[in-house]
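User: I am new to this structure and should like to go through it by question and answer. Please show the sequence and the model before we begin.

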Amino acid sequence: MTITCFIRYEIDPFGKPAFEQYAKAWGQAIPRCGADLIGYYAPHEGSATTAYAAYSIDSLAAYEAYRARLAADPVGKANYEFARREKFILKEDRIFLKLVSGPHGPRQLFQTAVKEEI
């Protein structure tokens, strides 16, 4: 059974560029260390302080091994240090969830009529 880790970050509202740099580094390290990265999401509209990340992994046991690899990875080590040094992450909450609605049907495409005015 695959589980998905959702992370909710509270970031410094002026730390968005640093968070984006942090996210891009994880975009390389997380897949290399064994998790399926869904993505990192920075504030765009609305809250300037809430960001998210999500990745999937096979099990909690696989998660423990993955975390050890991530901590030993050169990019991972540097990224952890970057976050500690720059202090743009104010709070981090992590939850593990399992998908219960799948399998999903295909997405339907809809055409919207556009009325041209003359």
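User: How many disulfides does the count come to?

Analyst: This is a predicted model, in which local features need pLDDT of at least 70 and side-chain atom pairs count only at pLDDT 80 or more, while totals for chains, interfaces and linings use all residues. Residues are numbered from 1 along each chain as its sequence is written, and side-chain values use heavy atoms, with hydrogens and water left out. A disulfide is a pair of cysteine sulfur atoms within 2.5 Å, and by this rule the count is zero.

User: Why is cysteine 5 without a bond to the closest cysteine sulfur, and in which residue is that sulfur?

Analyst: Cysteine 5 is buried at 1% relative accessibility, where buried means under 20% relative accessible area, exposed over 50% and partly exposed in between (1.4 Å probe, protein chains only). Cysteine 33 is likewise counted as buried, at 4%. The two sulfurs cannot be bonded because 14 Å is too far, and the closest cysteine sulfur to that of cysteine 5 belongs to cysteine 33.

User: Which element gives the most residues to the largest nonpolar core?

Analyst: A nonpolar core is a set of buried Ala, Val, Leu, Ile, Met, Phe, Trp, Tyr and Cys residues joined through side-chain atoms within 4.5 Å. The largest one has 25 residues, and those with the most contacts inside it include Phe19, Tyr22 and Ile30. At least two residues each come from β1, α1, β3 (50–57), α2 and α3, the helices (H or I, at least four residues) and strands (E, at least two) being DSSP runs numbered from the N terminus. With eight residues, the element that gives the most to this core is α1.

User: Is asparagine 79 buried or exposed?

Analyst: Asparagine 79 belongs to helix α3. Leaving out residues up to four places away in sequence, asparagine 79 touches Tyr22, Ala25 and Trp26, contact meaning heavy atoms within 4.5 Å. Its relative accessible area is 4%, so asparagine 79 is buried.

User: What is the volume of the largest pocket?

Analyst: On a 1 Å grid over the protein atoms alone, a cavity is a set of points where a 1.4 Å probe fits but cannot get out, whereas a pocket is an open set with protein on both sides within 12 Å along at least five of seven lines; lining residues have an atom within 4 Å of a point. Grid points are joined across faces, edges and corners, and the volume is the space filled by probe spheres set on the points. The largest pocket is lined by 17 residues, with Tyr22, Trp26, Tyr80, Ile89 and Glu92 nearest its centre. Its volume is about 210 Å³.

User: How many residues of that lining are charged?

Analyst: Asp, Glu, Lys and Arg count as charged; Ala, Val, Leu, Ile, Met, Phe, Trp, Tyr, Cys and Pro as nonpolar; and the others, Gly among them, as polar. In the lining of the largest pocket, 12 residues are nonpolar and none is polar, and the number charged is five.

User: What is the phi of lysine 87?

Analyst: Most residues other than glycine have a negative phi. Lysine 87 lies in the loop between α3 and β4 and is exposed, with a relative accessible area of 58%. Its phi is positive, near 55°.

User: To which proline does the cis peptide bond from glycine 102 lead?

Analyst: Omega of this bond is near 0°. The proline is placed in the segment after β4, and the residue asked for is proline 103.
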